[in-house]
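Here's a walk through a protein chain, one piece at a time. Keep the model open and turn it as you read.

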Amino acid sequence: MEKKSYTIKDIAKMAKVSRGTVDRVLHNRGKVSEDALIRVNEVLEKINYHPNLIARSLKNSKDYYVAVLMPDYQSDAYWKTCYKGIKDAAKEFKSYGVSIELYFFTISEAGSFMEAFDKILEANPDGLVLVPAFSQEAKKVYQVCEERSIAYNTFNTPPEEGVEASFVGQDMIQSGRLGAELLHLLDKDASRLLIVHINDEEFENAIHLKKKERGFRAYLSERSDIEILRLSIQHSDIEDQLAEIRKFLLENENISGIWVSSSKAFVVAEVLSELNLRISLVGYDLIEKNTRFLQEGNIDFLINQNPRSQAFFSVAHVAETLAFQKEMPDEHLLPIDIVSRENLIFYLKNKRNRTKLLI
């Protein structure tokens with residue numbers, strides 16, 4: 001058969017079924033009679049159907065505009081990884097008539113967040129993907145989206161408890177518990193551990209960090225009587241961060257383990273290396289500075305939060321809701337990966353691979 005691009009209408013006509021039936025077969029949703037299923041599959045086999053190739057020709061006749069509201073990716077390696085996931089999704093869904101535009105805000109300024117959102121509203125989007133870094137301001141965003149029927153999804157930071165908003169990310173409580181478990185396994189006789197929060201936004205607004213800490217403390221309270229110290233740093237300047245950690249460690253002795261709740265474990269690792277201190281260290285994310293210290297042995301474990309996948313799937317859910325009328329999931333939790341020096345090479349080899357959505 002002559003090679004060409006086939007639309008849902010073409011396939012429906014060849015199989016003598018409705019376009020809705022073809023859509024349900026292709027996307028494996030809804031009920032389809034056995035007879036219709038056989039006829040559609042026969043046509044798909046005849047035209048040498050391939051999901052990823054044919055999907056590009058099944059574009060909905062309507063175009064959709066999706067805005068992404070996230071921290072400036074140039075400010076932090078973590079957000080740069082998220083940015084790459086969004087670019088992957090933009091390329092993936094372009095052929096379905098979905099266009100993606102990014103709007104950035106300063107992670108430490110709630111006003112910047114709302115200013116960027118106001119610009120988004122001026123563009124009249126069909127969908128919105130956001131990092132709800134400011135809980136009170138995010139509530140206003142959700143309300144406007146509901147009023148204007150804007151499909152929306154969040155990633156990285158979960159909505160505040162009691163707020164219904166679709167979320168892509170990890171179970172933050174379980175993530176914190178895992179951090180505590182790893183430190184406990186590294187030293188079961190530990191009597192003094194340190195929690196370090198290094199974040200640009202105010203801690204009260206950082207719901208993801210608060211939940212992680214809750215999980216961390218809950219795990220240890222169930223197993224042993226351990227003193228837990230806490231250091232919260234809100235400086236964006238690396239030298240200020242180093243100075244605070246250096247001062248704290250020199251003033252507090254007998255710390256046997258440190259858990260860094262964000263992607264800034266490398267800051268603590270640098271101080272430990274400088275002071276020649278051997279303290280167990282667990283952090284998050286496979287950014288370059290963290291992986292270097294992991295390879296050198298200054299970081300014991302990194303918990304991979306899959307930021308690229310978080311961003312990709314958050315965009316994908318909004319795009320699928322618009323283009324394919326798929327129901328938005330309430331929650332899409334990603335695996336919590338433990339990365340050590342021994343299995344790091346696997347992640348480094350695959351970090352450039354794009355996340356693919358099964359359509």
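Which loop does Ser149 lie in? Look between helix H7 (135–148) and strand S4 (151–155), and there you'll find Ser149. Keep in mind from here on that this is a predicted model. Ser149 isn't a glycine, yet its phi is positive, about 55 degrees. With a relative accessible area of 65%, Ser149 is exposed.

Asn276 tells a similar story. This residue sits in the loop between helix H11 (265–275) and strand S9 (280–284). Asn276 isn't a glycine either, and its phi is positive at about 55 degrees. Its relative accessible area is 69%, so Asn276 counts as exposed.

Now zoom out to the whole chain. It has 14 helices and 12 strands, and its C-alpha atoms fill a box of roughly 75 × 45 × 35 Å along the principal axes. There are 359 residues, of which 54% count as buried. As for who touches whom, take the contacts with a separation of 6 or more: 68% of them are between residues 24 or more positions apart.

Let's go to the start of the chain and pick up helix H1 (residues 8–15). Which of its residues are buried? They are Ile8, Ile11, Ala12 and Ala15. Looking down the axis of H1, you'll see these buried residues fall within an arc of 100 degrees, so they line one face of the helix. Turn to the face pointing away from that buried side and you meet the exposed residues Lys9 and Lys13. Right after H1 comes Lys16, with a positive phi near 60 degrees.

What does H1 pack against? One partner is helix H3 (residues 34–46): the two axes come within 9 Å and cross at roughly 115 degrees. That crossing is right-handed. On the H1 side, the contact is made by Ile11, Met14 and Ala15, while H3 brings Arg39, Val40, Val43 and Leu44. Sorted by class, the contact of H1 with H3 has six nonpolar residues, no polar ones and one charged. Ile11 and Ala15 turn up here again, having already appeared among the buried residues of H1.

Arg39 deserves a closer look. It lies in helix H3 and is partly exposed, because its relative accessible area is 28%. Setting aside residues up to four places away in sequence, Arg39 touches Ala15, Lys16 and Val17. So the contacts of Arg39 take in Lys16, the residue with the positive phi that follows H1. For Val17, the C-alpha to C-alpha separation from Arg39 is 8.3 Å, with their positions 22 residues apart along the chain.

From Arg39, jump across to Asn298. These two are 259 residues apart in sequence and 60 Å apart in space, C-alpha to C-alpha. Asn298 is found in the loop between helix H12 (288–296) and strand S10 (301–304). Is Asn298 buried or exposed? Its relative accessibility is 18%, and the cut-off for buried is under 20%, so Asn298 counts as buried. Not counting residues up to four places away in sequence, Asn298 touches Ala269, Ser273, Arg278, Leu281 and Phe293.

Next stop, strand S11 (residues 331–333), where you'll find Leu333. At a relative accessible area of 38%, Leu333 is partly exposed. Which residues is Leu333 in contact with, leaving aside its neighbours within four places in sequence? They are Phe167, Gly169, Gln170 and Asp171. Take Asp171: it is 162 residues from Leu333 in sequence, but in space the two C-alpha atoms are 6.5 Å apart.

Finally, the cysteines. How many disulfides does the structure hold? Zero. Cys82 is in none, and the nearest cysteine sulfur, that of Cys145, is 19 Å away. Why doesn't Cys145 bond with Cys82? Because 19 Å between the sulfurs is too far for a bond, and Cys82 holds the closest cysteine sulfur to that of Cys145. As for their surroundings, Cys82 is buried with a relative accessible area of 0%, and Cys145 is buried at 1%.

Technical notes
Residues numbered from 1 in each chain as written. Predicted model: local features only at pLDDT ≥ 70, side-chain atom pairs only at ≥ 80, totals over all residues. Heavy atoms only, no water. Axes fitted to C-alpha atoms, helices over the stretch in contact; angles between N-to-C directions. Helix = DSSP H or I, 4+ residues; strand = E, 2+ residues; numbered from the N terminus. Left-handed = near helix turned anticlockwise from the far one by under 90°. Contact = heavy atoms within 4.5 Å. Nonpolar A, V, L, I, M, F, W, Y, C, P; charged D, E, K, R; others polar. Buried < 20%, exposed > 50% of the residue type's maximum accessible area, 1.4 Å probe, protein only. Arc of directions from axis to C-beta. Disulfide = S-S within 2.5 Å.
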